[in-house]
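Hello,

Here is the structure I promised to pass on. Please open it first, then read my notes below.

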Amino acid sequence: MNAIPTLPNYINGQWLTSSATEYLDVINPATSEILAKVPLSSASEVNQAAVAAATAFVSWRRTPATERVQYLFKLKNLLEEHFEDLARIITQECGKTLAESQGEMRRAIENVEVACGIPMMMQGTNLEDIARGIDEMMIRQPLGVAAVICPFNFPGMIPFWFLPYAIATGNTYIVKPSEKVPLTMQKIFQLIEKTGIPQGVVNLVNGAKEAVDAILEHPKIRAISFVGSTPVAKYIYSRGAANGKRMQCQGGAKNPIIVLPDADIEMTTRIAADSAFGCAGQRCLAASIAVTVGEARQTFSEAIAETAKKRVVGNGLEQGVEMGPVITTQSKTRIEGLIQQGLEEGANLLIDGRNPQITGYERGNFIRPTILQNVNPTGEIARTEIFGPVLSLIHLDSIDQAIALVNSGQYGNMACLFTSRGAAARKFRYEAEAGNIGINIGVAAPMAFFPFSGWKDSFFGDLHGQGNHAVEFFTQTKVIVERWPNDWSRQF
Ligand code: NAD
């Protein structure tokens with residue numbers, strides 16, 4: 001039997017054994033096999049990384065942008081070369097299917113590609129003669145040391161909403177992966193090391209609350225990006241901001257989709273099923289509520305039930321599997337508890353996916369696609385983030401009622417409409433209170449060159465991840481007003 005590896009940190013260009021006293025098991029959610037042990041690093045290790053990053057910043061910010069992005073070009077090639085390995089690691093530690101892991105890595109790489117355009121994207125503005133003989137310019141300068149705190153559900157992609165932009169703009173960086181899925185970043189940091197990027201520019205610190213709190217308190221860390229659940233996002237946003245740091249914190253979600261009677265039911269069902277059950281519902285852009293309007297109630301309910309029943313559930317590494325397990329046994333118990341709560345609130349089960357038998361994977365955290373119907377729109381189950389493969393059906397009489405329901409929610413990550421009418425689509429995109437809108441789209445994930453725009457309790461801050469927002473987040477503007485007296489006689 002192979003020994004279980006213990007994961008090191010990567011600080012100042014060195015792989016270091018953590019001085020942590022506590023380690024957690026990294027568990028394959030399909031098999032419950034222990035893949036590795038992850039250290040819960042201490043505040044002193046965060047300090048070591050922050051000091052290394054602050055030291056590296058001195059020369060990194062002076063490195064021309066054109067030179068900085070050469071490391072990203074190298075990283076892009078290495079990520080392509082190791083694409084399949086990375087996808088396998090994501091599936092092993094996170095549970096999603098191989099195709100979903102490949103999709104995730106593609107999105108990660110797209111962010112590297114976009115950040116390679118920093119020599120253009122980071123440019124400032126200027127205007128001659130703001131008054132006679134006086135010119136004004138605005139330049140963008142990096143902040144210094146920045147850090148990201150990541151969730152479990154996209155171990156490859158989410159750090160890349162931030163990291164490529166942070167370093168391309170001249171900052172130095174610390175990544176704190178989710179302690180549930182640290183293996184993907186271990187591999188990616190081996191690739192980052194291969195680019196030859198100067199030591200201390202990018203650092204990896206494994207851990208959980210102690211490491212996060214140390215990041216929030218560290219005086220050398222100027223900016224923090226967070227992605228995770230809303231209660232933790234609120235905590236991190238407020239504590240980081242209280243310490244004077246620039247913050248952007250993406251939180252949880254409860255995404256509604258509306259199906260109008262004029263929607264193409266075959267296409268809608270296919271897309272909605274992928275949104276609700278893809279990645280076992282553990283996407284912050286997963287559809288969690290489907291609101292049917294008019295006769296869509298019957299057509300959509302029947303079609304989605306058929307599709308859900310047929311979804312092949314199993315180990316994501318196996319061919320033909322369409323949905324993997326949820327992340328932990330605690331998560332499975334929590335999701336099943338929420339299904340029960342829905343029943344107690346008056347809903348009934350159209351499809352019950354609890355406690356499935358997945359042959360060969362009896363120890364995995366599996367739940368099959370589950371559909372609750374007649375869900376009470378004001379009940380807990382209609383409001384709470386489930387983060388599992390559970391779709392709640394609610395029926396309403398009009399698009400106005402459906403939009404009112406969307407807008408009454410606590411979250412604003414995504415809302416989608418399925419229709420064949422342009423006027424309905426326009427009304428929806430105009431009125432729906434969510435930062436990412438899908439029209440006949442089930443996972444309205446912004447491409448790397450658009451901001452990932454959560455609203456309400458799905459986001460705390462101003463500037464989002466990805467694209468121009470990330471460039472603005474990782475730079476501070478400096479305005480220079482210049483006058484050069486024109487006394488030629490003294491010059492020549
Ligand atoms: P989580 O909030 O439990 O953990 C996220 C990170 O915070 C981890 O790195 C963890 O170590 C750290 N953390 C957890 N509790 C902490 C505490 N008390 N103090 C300090 N640090 C703490 O989230 P998760 O379960 O890993 O991820 C799932 C959540 O992330 C869901 O709510 C999902 O909607 C959300 N999410 C949101 C987006 C988005 O773009 N809005 C994207 C992906 C995931």
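**Two loops, then the ligand**

Start with Gln466, which is found in the loop between strand S21 (459-460) and helix H15 (467-473). Keep in mind that this is a predicted model.

What is phi of Gln466 near? The value is near 75°, which is positive, in a residue other than glycine. Most residues other than glycine have a negative phi.

Now go to Ser32. This residue lies in the loop between strand S3 (23-27) and strand S4 (34-39). Phi of Ser32 is near 65°. Again, that is a positive value in a residue that is not glycine.

Next, the ligand. Which pocket does the ligand take up? The space it fills is the largest pocket. Three elements each give two or more residues to the shell around the ligand. They are helix H8 (209-217), strand S10 (221-227) and helix H9 (230-242).

Colour the model by domain and look again. The shell draws at least three residues from domain 1 (9-251 + 458-479). It also draws at least three from domain 2 (255-439). Note that domain 1 is written as two stretches of the chain.

How many residues of each class are in the shell around the ligand? There are 16 nonpolar, 8 polar and 4 charged residues.

There are 28 residues around the ligand. Of these, Cys150, Glu179, Ser229, Gln250 and Glu385 come nearest.

Zoom in on the oxygen atoms of the ligand. A polar side-chain atom of Ser229 lies 2.6 Å from one ligand oxygen atom. For Glu385, a polar side-chain atom also lies 2.6 Å from an oxygen atom of the ligand. Gly228 uses its backbone instead: an N or O atom there is 3.3 Å from a ligand oxygen atom.

How much of the ligand does the protein cover? On its own, the ligand has 840 Å² of accessible area, and the protein covers 88% of that.

Try finding Ser229 and Glu385 yourself, since both are among the residues that come nearest to the ligand.

Best wishes

Key: Residues are numbered from 1 along each chain as its sequence is written. This is a predicted model: local features need pLDDT of at least 70, side-chain atom pairs count only at pLDDT 80 or more; totals for chains, interfaces and linings use all residues. Side-chain values use heavy atoms; hydrogens and water are left out. A residue is near a molecule or strand if one of its heavy atoms lies within 4 Å of it. A polar contact is a pair of N or O atoms within 3.5 Å; within protein, one must be able to donate a hydrogen and the other to accept it, and residues adjacent in sequence count only if both atoms are side-chain atoms. Accessible areas come from the Shrake-Rupley method with a 1.4 Å probe; for residues, only the protein chains shown count as cover. On a 1 Å grid over the protein atoms alone, a cavity is a set of points where a 1.4 Å probe fits but cannot get out, and a pocket is an open set with protein on both sides within 12 Å along at least five of seven lines; lining residues have an atom within 4 Å of a point. A molecule sits in a cavity or pocket if more than half of its atoms lie within 2 Å of its grid points. Helices (H or I, at least four residues) and strands (E, at least two) are DSSP runs, numbered from the N terminus. Ala, Val, Leu, Ile, Met, Phe, Trp, Tyr, Cys and Pro count as nonpolar, Asp, Glu, Lys and Arg as charged, and the others, Gly among them, as polar. Domain bounds come from an automatic or database domain assignment.
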